[in-house]
Amino acid sequence: MSINKVTTLTEAVQGLVNDGDTIALGGILSREPVACSYELIRQHKKDLTIIVDSHDESVELLIGAGLVKKVESAYIWVGVIGSGLNFRRAVEKGIPRHVEVEDYTNLAIGMRFLAGALGVPFMPVLSMSGSDIPKYNDKIVSMKDPYKGQQVNLVPAAEPDVAFIHVQRADKMGNAQIWGMLANDVNIARAAKKVILTCEEIIPTSEIRKIPNMTQIPHYCVDAVVELPFGAHPLGVAGYYWLDTPFRKEWLKASKSQEGFDAWLEEWVFSWDTFEEYLHKLGSDRLAKLRKLERDNYRIPRIENY
Amino acid sequence: MNYSAQEFMVSACSRLIKDNECVFIGVGIPLLAGVVASKIHAPNSVLIYEAGGIGAISRRLPWSISDNATTDNALVATELWRVLGDVQRGFVDVAVIGGAQIDKFGNLNTTAIIGPDKSYQKPQTRLPGSGGANDLASSAKRLLIIMRLENRKFVEKLDYITSPGFLAGPGCREKAGLKGGGPEAVITNKCIFRFDPLTKEMYLDELFPGVTIEEVRSDVGWDLKISSDIKIVEPPTEKEIEIMHKIDPLGVVLGRKSIQENQSFEDYYQIMKKCYESMALLI
């Protein structure tokens, strides 16, 4: 009961991700694995297919860096502050490369992960009927259900090669505890062939046992565990830190042109060797303030209180 | 009383949310309209956010459907497919969403403005996609749509139907097997549109004070029908405006100004701290 899966992000990505892989990403705005996207970019992984529900930086950065050949998604944008300029440029103009799109809805993507998590080939959903989503996506199969004759749309199981999931805390085995919204992470972890789990804190298994309901991903789904504080920066993690909006605005501004975005990548993604250096570049005062903004108001309750 | 178009939209939308309703909140103006309703006339409404937050009474305005605030002081923190599944199952009374382009049957496009000689794979303008909007438009009992009335947003025919309104007219939703009631109202910065129960066509029902029928008509891309009993929307009250600004002191929803300005991290930190203090007064 003490399998140690702890590794570094660099090693996990080197060992578990291949060019041409299909990648799923956890979180939505909160807990998006942004540091993992930085690492994929740093290792120049190629021709990735991305399956996501609704994502921001974690996907936008990959598209802008030219790593993505296809997205199977419900929504890609830069939430709260602006538009997905990298996504637009890639789809509309093929810069830095054309990204093929395959549209779904959030529930449809959720059902794809659920099917993958259950090991069944597809799931039915009532959404999308009458819209143009199935018209442009031939993976969606419309049929009458064999029991009541109701119109349903079938969506295929998502079985990503690798999933990146960032959570609040986990033990060395990979039992992952999530606080706040879960998005589709519970099913993504089960649907993926390999899971790279990053967390704000590694905690002893004895702490996990105190509140097992919070363990949303059991260790047997997980291949690598990386302790990565601020691994979602500039996005937030419930109970740990709030959104770094000035940083987000700065990179978004840079992404107005491909040249601007490339220069931003040089400065913020290629200029360091370890993620700690990135955090150092941001400065401890800034990180402490992002943490304070969250924790003065919202934190995981200490279970001793009960 | 002075008020902005944005304040007017928030107020008009919030008033359409009823007490005791389970309200599914979309991105943009709905984020603020839901909280305003819950602080004024609908204290028992329960706000549901797509990434899994149910019933948050948060100490800051949720800026999106998935940020940390959406489960702050909440009743439930669960999964995305679970809450959208609850809509499909019929537990949700009303959903409030925004749109980029709409046609006369209330169908919405948030996927792509394809444009002449262009394709879905290489459109003139790519938009974010459905998110959960199609799921809500398909299955929510009531659907409120909020979007600005601007040229080329209200069009005769869409390039792409992302989220279903009444599709091609009467009987189409039923034929497609959609369970939800379809759009009830479209709240804009100039007026409120509703849908004819027989023809399912969008018509002008209420004007904001000072706006003319011609002004509305000129921004609509089809021969717009006008209610024979046209009403004037009650402007926001002083209390509504005061509460809106307490909830959104940064102007994330009310005015994009402060969030778009080049702002130092230190300024941002100080303003965010004030946000908490401001919201705390309302809890």
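This report describes the fold of chain A, its domains, its nonpolar core, its contact with chain B and some unusual backbone features. The model is predicted.

## Overall form of chain A

Chain A contains eleven helices and twelve strands. Its C-alpha trace spans about 60 × 50 × 35 Å along the principal axes. A compact globule of 306 residues would have a radius of gyration near 19 Å, and the value for chain A is 19 Å, so the two agree. Of the 306 residues of chain A, 54% count as buried. Contacts between parts of the chain that are far apart in sequence are also frequent: among contacts in chain A with a separation of 6 or more, 74% are made by residues 24 or more positions apart.

## Two domains

Chain A is divided into domain 1, with residues 9–104 + 159–295, and domain 2, with residues 106–156. The centres of these two domains, taken over C-alpha atoms, are separated by 27 Å. Where the domains meet, twelve residues of domain 1 are in contact with twelve residues of domain 2. On the domain 1 side, the elements that give two or more residues are strand 2 (48–55), strand 4 and helix 6 of chain A. Helix 6 of chain A gives the most to that side, with four residues. By character, the residues on the domain 1 side divide into four nonpolar, three polar and five charged.

## The nonpolar core

In soluble globular proteins, nonpolar side chains tend to be buried together. In this model, the largest nonpolar core has 182 residues, and A:L197 and B:L32 touch the most other members. Helix 5 of chain A, residues 106–118, gives the most to this core, with eight residues. The core also draws at least three residues from each of domain 1 and domain 2 of chain A.

What does B:L32 touch, not counting residues up to four places away in sequence? The residues in question are B:V10, B:L61, B:M244, B:I247, B:D248, B:V253 and B:L254. A second, separate core has five residues, including B:A112, B:L127, B:L158 and B:Y160.

## Helix 5 of chain A

Helix 5 of chain A has 13 residues, which at 1.5 Å a residue should span 18 Å; its end C-alpha atoms are 18 Å apart, so the expected span and the model agree. This helix is mostly covered, with twelve of its 13 residues buried. Among the buried residues of helix 5 are A:L107, A:I109, A:M111, A:F113 and A:L114, and also A:N106 and A:R112. Just after the helix, A:G119 takes a positive phi of about 70 degrees.

## The contact between the chains

The contact between the chains takes 59 residues from chain B and 56 residues from chain A. On the side of chain B that touches chain A, the elements giving two or more residues are helix 3 (80–89), strand 9 (125–126), helix 4 (133–139), helix 5 (172–176) and helix 9 (265–280) of chain B. The residues on this side of chain B divide into 24 nonpolar, 25 polar and ten charged.

## Unusual backbone features

The table lists two cis peptide bonds and two residues other than glycine with a positive phi.

| Feature | Residues | Angle |
|---|---|---|
| Cis peptide bond | A:I95 to A:P96 | omega near -5 degrees |
| Cis peptide bond | A:H233 to A:P234 | omega about 10 degrees |
| Positive phi | A:A183 | phi near 50 degrees |
| Positive phi | A:F230 | phi about 65 degrees |

Where in chain A is A:P96 placed? A:P96 is in the loop between helix 4 (85–93) and strand 4 (100–103). The other proline, A:P234, is found in the loop between strand 12 (224–227) and helix 8 (245–254) of chain A. A:F230 also lies in the loop between strand 12 and helix 8, while A:A183 lies in the loop between strand 9 (176–177) and helix 6 (185–191) of chain A.

Are A:A183 and A:F230 buried or exposed? A residue counts as buried if 20 or more other C-beta atoms lie within 10 Å of its own. A:A183 has 33 other C-beta atoms within 10 Å and is therefore buried. A:F230 has 21 C-beta neighbours inside 10 Å, so A:F230 also counts as buried.

Methods. Residues are numbered from 1 along each chain as its sequence is written. Chains are lettered from A and ligands numbered from 1 in the order in which they are written. This is a predicted model: local features need pLDDT of at least 70, side-chain atom pairs count only at pLDDT 80 or more; totals for chains, interfaces and linings use all residues. A nonpolar core is a set of buried Ala, Val, Leu, Ile, Met, Phe, Trp, Tyr and Cys residues joined through C-beta atoms within 7 Å. Domain bounds come from an automatic or database domain assignment. Two residues are in contact if their C-beta atoms, placed from the backbone, lie within 7 Å. Ala, Val, Leu, Ile, Met, Phe, Trp, Tyr, Cys and Pro count as nonpolar, Asp, Glu, Lys and Arg as charged, and the others, Gly among them, as polar. The radius of gyration is taken over C-alpha atoms; the globule rule is 2.2 Å times the number of residues to the power 0.38. The expected span of a helix is 1.5 Å times one less than its number of residues.
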